[in-house]
Amino acid sequence: MKKILFVSSEVHPLIKTGGLADVCGSLPIALAELSQDIKLILPRYQSLKITEEVRFLCTVRVDNRNVNILETRLPGTQVTVLLVDYPSYFNLPGNPYVDELGEPWPNNAERFALFCKIAVEIAMDRAYLDWKPDIVHCNDWQTGLVPALLSLEYERPKTVFTIHNMAYQGLFPKATIYDLNIPGPLWHIAGLEFYDKLSFIKGGLVYADFITTVSPSYALEIQTAEFGYGFEGLLASRKASLGGIINGIDLGHWNPEVDPYISQTYTATTLTKKRPNKAEVQRQFGLAIDDKIPLFSLIGRLVEQKGIDLLIECLPEMMSMNLQFVLLGNGDKAYEKQLQVLADEYPNKIAIKLGYDEVLAHVIEAGADIFLMPSKFEPCGLNQMYSQRYGTIPIVRKTGGLADTVTDTLPQTLAQDTASGVVFNEASAGALLEAIKRALILYNVPSAWKKMQVNAMSKDFSWQRSAAEYLALYNNL
Ligand code: ADP
């Protein structure tokens, strides 16, 4: 059994701004189920959705500040959560990173440095908890100083640093190092310095014993200039200690067999029951209710990362084909407007809903035939996994987690019963359009299509599988 301290700035369902919270709320539970002794540590924000009892544990003193450590449990579980209680930094309205107006907190460096230093005190068992972890598992830039500070300690735990998205790096002006009391030995270009600035993420990338990302393909991609944000050289130099582990999905919440949000539940052996769900999507989006017309869909943030521009370029050409397209999402106003214009121009074929709607996301996953995910980059991605679980065939670009979780449909993969989607390479509208045409051809061969659906629905996207990989990594360290 390993003792694991799991460090994250957000954990679902206590607090969530993005996919990081989902991973940090699920992986620790799966590790606990594998009989590991795991404790999470999280700042005590004002908006935490605490449901279990909270008790005071101790006061830790760092940088002349007294910080209280509280203890609760992850809602509905036995997993311990340590809360770093420092009200002037964390007991505020707004979210973990920005204030109510959406502006980054001006003292984000101080806030997350304090969080990191407390995690180090606990990791070194200097907080009188009588518990010293074997592994400290850190996530994204907010926790990057933990591996750096621990590197200076004698008889320290091993450190793992997981990159959920390289696009966020925690970069601050050089003078911050004095405010934060960063030890001198960490300040150099092979340390925390990044072009004369302080980089939190570099603390993880340089000093962690092992670095992971959320898919094997993304682990390779971030070693190239296109995806590495200037860290590609450093990451390439660490490639022996860098790997990818695909996230799991919440199989209870995303399960067509019991999903309470959909018109008709179904399984891989009752796929005809998918039909009423398709009719429901067509009804809710005001499209003709017709089972024969292939129904394409997209759910997600409307941002450049997701390849929305490629889709917008394709849509006019798609209008000459026999298909319908529904979209649920919000994001860049320019994309929203262009999509609205197209929906107004082709009301019989395109229907969109701009907004965030968890229930409708389930309805679409259950009812659509095809799900589009033409992302420019995708560290892991969840929707392509949800789609496969619902027998909704994904069309994805071959990048990051999309490349690792969707098997292209070719004569060979059909024969091997692995084909589960349509995969294209180039980030261009032309390549996406070719993939769409290929999907339409397959859709018209019911025996092939059904095979793809069954293959997709039988894939293992469980957190148990991911957790077993993390545990193997911890044991190797
Ligand atoms: P990312 O984390 O980059 O946004 P993922 O595919 O990993 O992309 O996860 C996105 C998650 O957010 C999925 O659970 C998806 O269903 C959900 N989602 C995104 N936009 C919407 C929306 N407009 N309505 C409902 N769910 C959404």
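User: How many salt bridges are there between domain 1 and domain 2?
Analyst: The count is zero, where a salt bridge is a side-chain nitrogen of Lys or Arg within 4 Å of a carboxyl oxygen of Asp or Glu. This is a predicted model, in which local features need pLDDT of at least 70 and side-chain atom pairs count only at pLDDT 80 or more, while totals for chains, interfaces and linings use all residues. Residues are numbered from 1 along each chain as its sequence is written, and side-chain values use heavy atoms, with hydrogens and water left out.

User: Which residues make up the domains?
Analyst: Domain 1 covers 3-248 + 463-476 and domain 2 covers 271-457; the bounds come from an automatic or database domain assignment.

User: How many residue pairs are in polar contact across the interface?
Analyst: Five pairs are found, both residues being at pLDDT 80 or more. A polar contact is a pair of N or O atoms within 3.5 Å; within protein, one must be able to donate a hydrogen and the other to accept it, and residues adjacent in sequence count only if both atoms are side-chain atoms.

User: Turning to the ligand, which residues are closest?
Analyst: Of the 16 residues that surround the ligand, the closest are Arg301, Lys306, Gly355, Asp357 and Leu382, counting a residue if one of its heavy atoms lies within 4 Å.

User: What does the side chain of Lys306 approach?
Analyst: Its N or O atom is 2.8 Å from an oxygen atom of the ligand.

User: And what about the backbone of Gly355 and of Asp357?
Analyst: A backbone N or O atom of Gly355 lies 2.7 Å from a ligand nitrogen atom. For Asp357, a polar backbone atom is 3.0 Å from a nitrogen atom of the ligand.
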